[in-house]
Amino acid sequence: MSEQSKPLQVVVLVSGSGSLLQALIDDGAHGKVYEIVAVGADRECTGLERATLAGIPTFTVETRHFPERSQWDAALADAIERAFSDADDDLDLAALTGGDVAARQLVVSAGFMKILGAQTLSRHTVINTHPALLPSFPGAHGVRDALAHGVKVTGTTCHVVDAGVDTGPIIDQRVVDVRADDDEESLHERIKVEERTMLVDVVRGFARGWSINGRTVSINE
């Protein structure tokens with residue numbers, strides 16, 4: 001098996017229930033075209049329990065243990081790097097150049113409720129999902145803001161994480177109609193269905209290889 005045909009190594013970051021993580025675990029491509037090598041969190045949460053049940057290694061890096069946010073970010077970047085290093089048996093890194101190694105590793109922010117800093121973002125490619133059609137309604141209340149604005153359609157976006165809040169290059173988007181009787185909870189539940197499917201599709205695509213040029217993300221056919 002060639003290095004390119006080996007599974008993409010994925011570290012998933014969670015803060016809550018881990019429903020997006022579970023979608024990746026349950027995907028038939030998991031363990032074949034991509035493999036979750038670790039699940040990290042900023043607190044104890046159900047997402048870590050899901051990982052343990054699936055036999056996936058976990059780690060926790062809590063902000064309260066660090067006096068400065070930058071120190072927490074550096075520790076998180078180190079923990080992610082160790083997780084990939086521990087999975088070296090699945091990927092012969094000695095046979096690859098630095099760029100090739102990075103192209104076989106991906107960090108997925110799946111409901112991770114912390115803003116990532118320069119250390120993590122400079123050392124790892126990170127993708128995230130957001131429950132709105134970016135660039136509209138960024139931030140923590142995308143569903144609520146879309147409803148308040150009276151939009152007729154909203155949806156979910158998968159994007160590369162950069163230094164801003166939901167400002168990175170867009171990878172994929174899925175549209176969800178807003179119904180007349182929707183409240184924040186009912187709309188968010190329908191968005192989550194599309195979000196899970198989209199994330200699985202994106203990670204499968206990234207397993208084939210990708211490139212980022214400015215705001216354009218290209219996934220290999």
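The axes of helix H6 (residues 142-149) and helix H7 come within 10 Å and cross at roughly 120°. H6 is therefore oblique to H7, an angle over 115 but not over 145 degrees being classed that way. The crossing of H6 past H7 is right-handed. The model in which this packing appears is a predicted one. On the H6 side, the residues in contact are Val143, Arg144 and Leu147. They meet Glu184, Leu187, His188 and Ile191 of H7. By class, the residues of the H6 contact with H7 divide into four nonpolar, one polar and two charged.

Helix H7 also packs with H1. The two axes come within 9 Å and cross at roughly 50°. H1 and H7 are therefore oblique to each other, since 50° falls between the limits of 35 and 65 degrees. This crossing, too, is right-handed. H1 contributes Ser19, Leu20, Ala23 and Leu24 to the contact. From H7 come Glu195, Arg196, Leu199, Val200 and Val203. Six of the residues in the H1 contact with H7 are nonpolar, one is polar and two are charged.

Beyond these helix pairs, the model has a largest nonpolar core of 34 residues. Val12, Leu24, Val39, Val108, Ile127 and Phe206 touch the most other members of this core. Leu24 also belongs to the H1 side of the contact with H7. Several elements give two or more residues to the core. The helices among them are H1 (19-26), H2 (46-53) and H7 (184-206). The strands are S1 (8-14), S2 (34-41), S4 (105-109) and S6 (153-160). H7 gives the most, with six residues. A second, separate core holds 20 residues. Val61, Val107, Leu121 and Val126 are included in this second core.

Val39 illustrates the packing within the largest core. With neighbours within four places in sequence set aside, Val39 is in contact with Val12, Val14, Leu21, Leu48, Ala51, Ile56, Pro57, Thr58 and Phe59. Val12 is itself listed with Val39 among the residues that touch the most other core members.

Asp27 is found in the loop between H1 and S2. With a relative accessible area of 10%, Asp27 is buried, because the cut-off for burial is under 20%. Outside the four neighbouring places in sequence, Asp27 is in contact with Tyr34, Val200 and Arg204. Of these partners, Val200 also takes part in the contact of H7 with H1.

The loop between strand S5 (126-130) and H6 contains Pro135. A cis peptide bond joins Leu134 to Pro135, with omega about 10°. Phe137 is placed in the loop between S5 and H6 as well. Phe137 is not a glycine, yet its phi is positive, at about 55°. The relative accessible area of Phe137 is 17%, so this residue is buried.

A positive phi also occurs at Asp166, where the value is near 60°. Asp166, likewise a residue other than glycine, lies in the loop between S6 and strand S7 (170-177). Asp166 has a relative accessible area of 15% and is therefore buried.

Key: Residues numbered from 1 in each chain as written. Predicted model: local features only at pLDDT ≥ 70, side-chain atom pairs only at ≥ 80, totals over all residues. Heavy atoms only, no water. Core = buried A, V, L, I, M, F, W, Y, C linked by side-chain atoms within 4.5 Å. Buried < 20%, exposed > 50% of the residue type's maximum accessible area, 1.4 Å probe, protein only. Helix = DSSP H or I, 4+ residues; strand = E, 2+ residues; numbered from the N terminus. Contact = heavy atoms within 4.5 Å. Axes fitted to C-alpha atoms, helices over the stretch in contact; angles between N-to-C directions. Left-handed = near helix turned anticlockwise from the far one by under 90°. Nonpolar A, V, L, I, M, F, W, Y, C, P; charged D, E, K, R; others polar.
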